[in-house]
Amino acid sequence: MTDLLPTGHRRIHELKMQGIVKRFPGVLAADHVDFEVKAGEIHALLGENGAGKSTLMKMLYGLYQQDEGQIFINREHVQIRSPQDAIKQGIGMIHQHFMLIPSLTVAENVALGLKSSRGLRLDLDVVAKRILELSERYHLQVEPDIPVWQLAVGEQQRVEILRALYRGAALLILDEPTAVLTPQEVDQLFHILNQMANDGHALIFISHKLHEVLAISQRITVLRDGRRVDTIPTEGATKRILAEMMVGRPVVLEYERVECKPGKERLVLKKVSALSNRGDLGLKNVDLTVHGGEIVGVAGVSGNGQRELAQVITGLRPTTEGEIFLEGQDITGKSPVLLNSLGLSHIPQERMIEGVIKEFTVAENYILQDHGRKPYATNIFLNFRQVVTRTKDAIRAYDIRTPSHETPVKSLSGGNIQKLVLARELSRSPKVLIAAQPTRGVDIGATEYIHKRLLEERDKGTAILLISEDLDEIRALSDRIVVMYEGRIVGEVKNENVDVNQLGMMMAGVTS
Amino acid sequence: MFDELLTAGVFASAIRLATPYIYAAIGETFGQRSGVLNLGVDGIMLMGAFASFYAVYETNSLLLGILVALLVGALLGLFMAFISVTLQAEQGISGIGLYLFGLGMSELLFVKLLGTPRSVDGFPRVDIPLLSDLQFLGIGEIFFRHNLMVYLAFALVPISAYVLNYTTLGLNIRAVGQNPQAADAMGVSVARVRYFTVTLGGMFSGLAGASLSIALLKVFQQNLTAGKGFIAVALVYFGGWRPTWVLAGAMLFSFVNALQLQVKTVGIDIPSEFAVMAPYVLTIIALIFATKRREQPTALTKPFERGE
C-alpha cells in the first residue's frame with residue numbers, strides 16, 4: 001500500500017477518537033465516545049437527531065473542542081483546535097448546510113482560505129486548471145467560472161467534495177449528504193464515494209437513513225443520546241437491528257394502512273400560478289385535487305415549488321392566476337385567519353419560524369391563531385383557566401415531553417415542538433390539513449407518532465396534502481403521489497404501483 | 001441660464017466636495033463587505049478632523065496632520081472592532097454611541113485647546129503640469145487643479161476595487177461578509193478579517209475628517225462634518241458595496257451640492273432651504289431605487305460565533 005493518494009496527498013491509514021466527552025450547558029452531547037476509521041473504508045455514523053453525530057464530527061473538524069478525550073492519526077496524538085488544523089491534518093468535511101458562498105464562483109469558493117501562488121494576488125486561473133484535473137480524475141463535473149448560486153444542489157455538493165479533495169482531504173466527513181438529493185443523485189454520490197474509498201481515502205458518512213447506511217458503508221457506529229451504542233460490520237446488519245439500536249426499543253418501520261376510501265372533493269386547485277421570492281414563476285399552472293379521507297403526497301427535490309404551493313393554499317402567498325376551492329367555496333386570496341375558521345390547518349415547513357414563536361411558552365403557542373376566539377378569549381380578555389386546562393390536555397394526549405405548559409418552546413426538542421404544532425392544528429378538527437415536511441429534523445419516536453396521527457386523521461375523513469422531500473415518508477403515508485419539478489406537477493401515480501426509479505426520474509425533471 | 005450653472009468651476013467644486021465622502025464611504029465599504037456596519041463614521045471623522053487640524057495648527061506639518069488623522073482613525077476603528085467583533089454588541093447602537101463620543105469629544109477638545117474657530121493654510125493646490133492647462137471642456141480646471149488629498153481619494157477607488165476583487169485578502173473579506181460560517185470552515189479567521197476592515201475603515205474615516213479640516217475648509221469648528229459620515233454610510237448602500245459605484249454616488253451627491261451653491265451664487269430665486277435640501281432628498285430617492293444587489297453582504301450586522 002503506497003503512502004500517497006492519487007491527489008498527491010498523504011493517506012490517513014487510521015484515525016482514532018478515544019473517550020471523547022463534550023458538555024453543553026445542561027446536555028452531555030458526547031459521553032466517552034470511541035470511534036475509528038481506516039483508509040479505504042466508508043464508516044457510517046448512525047443516530048437520531050441530537051444523538052451527537054454532528055457534534056462528534058465537528059470536534060474532529062475543529063469547530064468544537066472536546067472537554068475530554070484524544071484524537072490519534074496514524075497512531076500519533078494530534079490536537080485539532082480549528083478548521084485550519086483539521087485541514088492541515090488532511091481532514092475535510094461536507095457540511096449539512098453547504099459551506100459555499102453563493103455570490104462567488106466555483107473557483108473563488110475553492111480558493112477561499114488557501115495561499116495563492118502569486119502572493120497577495122489571486123491565482124484563480126491556476127485554481128481553475130487544478131479543479132478541472134481533479135474533476136476529471138473523480139468524475140465530478142464542475143465549471144470553475146460559474147457563480148455557485150447558478151448551480152443545482154447536487155452540483156453544489158460536487159463542488160464541496162471537489163474542494164475537500166483540492167485541499168488534500170485524506171479523510172472526508174459527509175454530514176447527511178443525501179438529504180437534498182434525488183435518488184439518482186444519491187446513486188452518483190455513492191459511486192463517487194466508493195471510488196474515493198478504493199483510492200485509499202477514509203470516509204465518514206453521517207446519516208439517519210437506514211437503507212443508505214446499509215448500501216454504502218462497511219462498518220456502522222450507532223450513537224444514542226451522546227453515547228456509542230456499538231460498532232458493527234454492515235454485512236449482516238438489518239434495518240430492524242439498526243433501528244432498535246438507534247431508538248433503544250423496537251420500532252415500527254412500516255405502517256398498516258387501511259384501504260383509502262376517498263370522499264368528496266375537499267381541496268381543489270385550478271391552474272394556479274404564483275411568484276417565488278426571487279420574482280419568477282415559482283408555481284406554474286398547478287391542478288390538484290384532494291378528497292376527504294385521502295393523503296396526497298407531493299414529492300420533489302427541495303425548491304421546486306413545494307413551499308409556494310403550501311403558502312398559496314394557506315393564504316400566505318398571493319396567486320397570479322388560477323383559483324383555489326375549499327369544499328366548493330372559492331378561497332383564492334383569502335386571509336389565513338379566514339381560511340383557518342373555514343377548516344384549513346397548516347403544519348408549516350419552517351417549524352421554528354412559521355410554526356411557533358420560539359420565545360413563547362407551550363401554552364401560548366398552543367392557542368396561537370385561536371387566542372382571540374372562544375374558549376380561549378371572552379371579548380378582549382384571555383381566559384387563562386381554559387388556556388391552561390386545554391394545553392395540559394393536549395400535552396397529555398399528544399405525549400409532548402415538556403417540563404410544564406409554561407416552558408418556552410425553544411427549549412423543547414424538535415420532535416416535541418412538532419407534536420405541539422400538530423396538536424394545535426388538529427385541535428380545530430380541520431377539513432383540510434396541509435402538512436409540509438412534518439417530520440424533518442424530528443426523531444424516530446416522534447416521527448412514528450406523527451405518522452400514526454396523520455393516518456388516523458385521514459381515516460377520520462380529513463383531506464391531507466403531505467409535502468415532503470423524504471421519499472420514504474411520502475411512500476409510507478400517501479394514497480396518491482404527485483411529483484413537482486420547477487413549479488409544475490410533472491406526474492401523478494397511485495402509491496400501490498409506484499416505482500422509485502420512475503419517481504426519481506420525475507423528480508429530476510425527466511418525463512418519459 | 002445653464003451656461004451660468006454648469007461651469008467648469010461647478011464640476012471642479014463637485015470633485016473637491018466629494019473628497020471626504022469618498023474616503024469615508026470607501027472605508028465603510030470595506031467594513032460592510034466583511035459584515036460590520038459602522039455607524040460611527042461621522043464621529044471618527046470629527047475626531048480625525050480635529051486631531052489633524054490641531055497638529056497642523058501647532059506644528060504646521062501637513063504630514064504630521066495626516067499621520068495623526070490615520071492614528072486616531074485606527075484607534076477608534078479598533079475600538080469599534082473590539083465592540084462589534086469581540087464583544088458582539090449590536091452594531092447599529094454601538095455605532096451611534098461611537099458617533100456621539102466623537103461629536104462630544106471633538107467639541108470638548110476644540111473648546112479646551114482652541115476656543116474659537118481658527119484657520120490653517122492646509123494643503124495647497126497642486127496643478128498637474130501640462131494636464132492642468134487643458135482647455136478642452138475645461139478638463140484642466142475640473143480634474144487637475146486640486147490638492148493632494150483630492151488626488152489621493154480618487155486614486156484609492158480603483159485600488160480598493162482591485163483589492164476587493166483580485167486579491168486573496170479581498171476574497172476573504174467578501175466571503176466573511178457573505179457567509180462567515182463557510183469562511184471559518186475554510187480556515188479564514190473571521191475575527192481577523194473584520195478587525196482589519198473596521199480598523200482600515202476607521203483610518204479612512206480619519207482621513208475623511210482631515211480632508212475637511214486641513215484640505216477643503218481649512219478650519220475647525222464644532223460639528224464640522226455636519227453628518228457627512230452618515231451620508232457616506234448611505235452612499236455605500238447606494239453604490240451596492242462596489243467602490244466604483246460608491247464613487248459615482250459620491251459624485252452625484254456632491255454635484256447636486258455644488259450646483260445648489262452655484263444657484264445661490266448666480267442669484268437664482270429659489271428659497272435657499274430647498275436648495276440645501278436637494279442633495280439629501282436626492283440621496284433618499286436614490287436609495288429607494290437602489291435595488292438589492294448580489295454584492296450585498298448577507299451577514300451584515302450579524303456577529304459571528306463558531307458553532308451553530
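1. Contact, as the word is used in this note, means that heavy atoms lie within 4.5 Å. The structure under review is a predicted model. On that footing, the contact between the two chains draws 30 residues from chain A and 23 residues from chain B.

2. The size of an interface is often given as the accessible area lost when the parts come together. Here chain A and chain B bury about 2100 Å² between them, and carbon and sulfur atoms account for 62% of that area. On the chain A side, the residues that lose the most area to chain B are M99(A), L112(A) and L122(A), which together make up 25% of what that side buries.

3. Polar interactions also cross the interface. Between chain A and chain B there are 9 residue pairs in polar contact, both residues being at pLDDT 80 or more. Two helices of chain A, α2 (83-88) and α3 (106-111), each supply at least two residues of the side that touches chain B. The largest share of that side, 3 residues, comes from α2(A). Sorted by class, the side of chain A that touches chain B comprises 16 nonpolar, 8 polar and 6 charged residues.

4. The count of salt bridges between chain A and chain B is 1. The partners are E108(A) and R174(B), whose closest N and O atoms are 3.2 Å apart.

5. Over all chains, the structure holds 31 salt bridges. One within chain A joins the side chains of E133(A) and R130(A), with an N to O distance of 3.8 Å. Both residues belong to helix α4 (residues 124-137) of chain A; because E133(A) and R130(A) are 3 residues apart in that helix, about one helical turn separates them.

6. A helix pair in chain B also merits comment. Helix α12 (residues 243-266) and helix α13 (residues 272-289) of chain B pack at an angle of about 170°, with their axes 9 Å apart. Angles over 145 degrees count as roughly antiparallel, and α12(B) and α13(B) are therefore roughly antiparallel to each other.

7. The residues that bring these helices together can be listed. From α12(B), the participants are L252(B), F253(B), V256(B), N257(B), Q260(B) and K264(B). They meet S272(B), A275(B), V276(B), A278(B), P279(B), Y280(B), L282(B) and T283(B) of α13(B). By class, the contact of α12(B) with α13(B) consists of 9 nonpolar, 4 polar and 1 charged residues.

Key. Residues numbered from 1 in each chain as written. Chains lettered and ligands numbered in written order. Predicted model: local features only at pLDDT ≥ 70, side-chain atom pairs only at ≥ 80, totals over all residues. Heavy atoms only, no water. Buried area = accessible area lost by both parts, 1.4 Å probe. Salt bridge = Lys/Arg side-chain N within 4 Å of Asp/Glu carboxyl O. Polar contact = N/O pair within 3.5 Å; in protein donor to acceptor, adjacent residues only side chain to side chain. Helix = DSSP H or I, 4+ residues; strand = E, 2+ residues; numbered from the N terminus. Nonpolar A, V, L, I, M, F, W, Y, C, P; charged D, E, K, R; others polar. Axes fitted to C-alpha atoms, helices over the stretch in contact; angles between N-to-C directions. Parallel < 35°, antiparallel > 145°, perpendicular 65-115°, else oblique.
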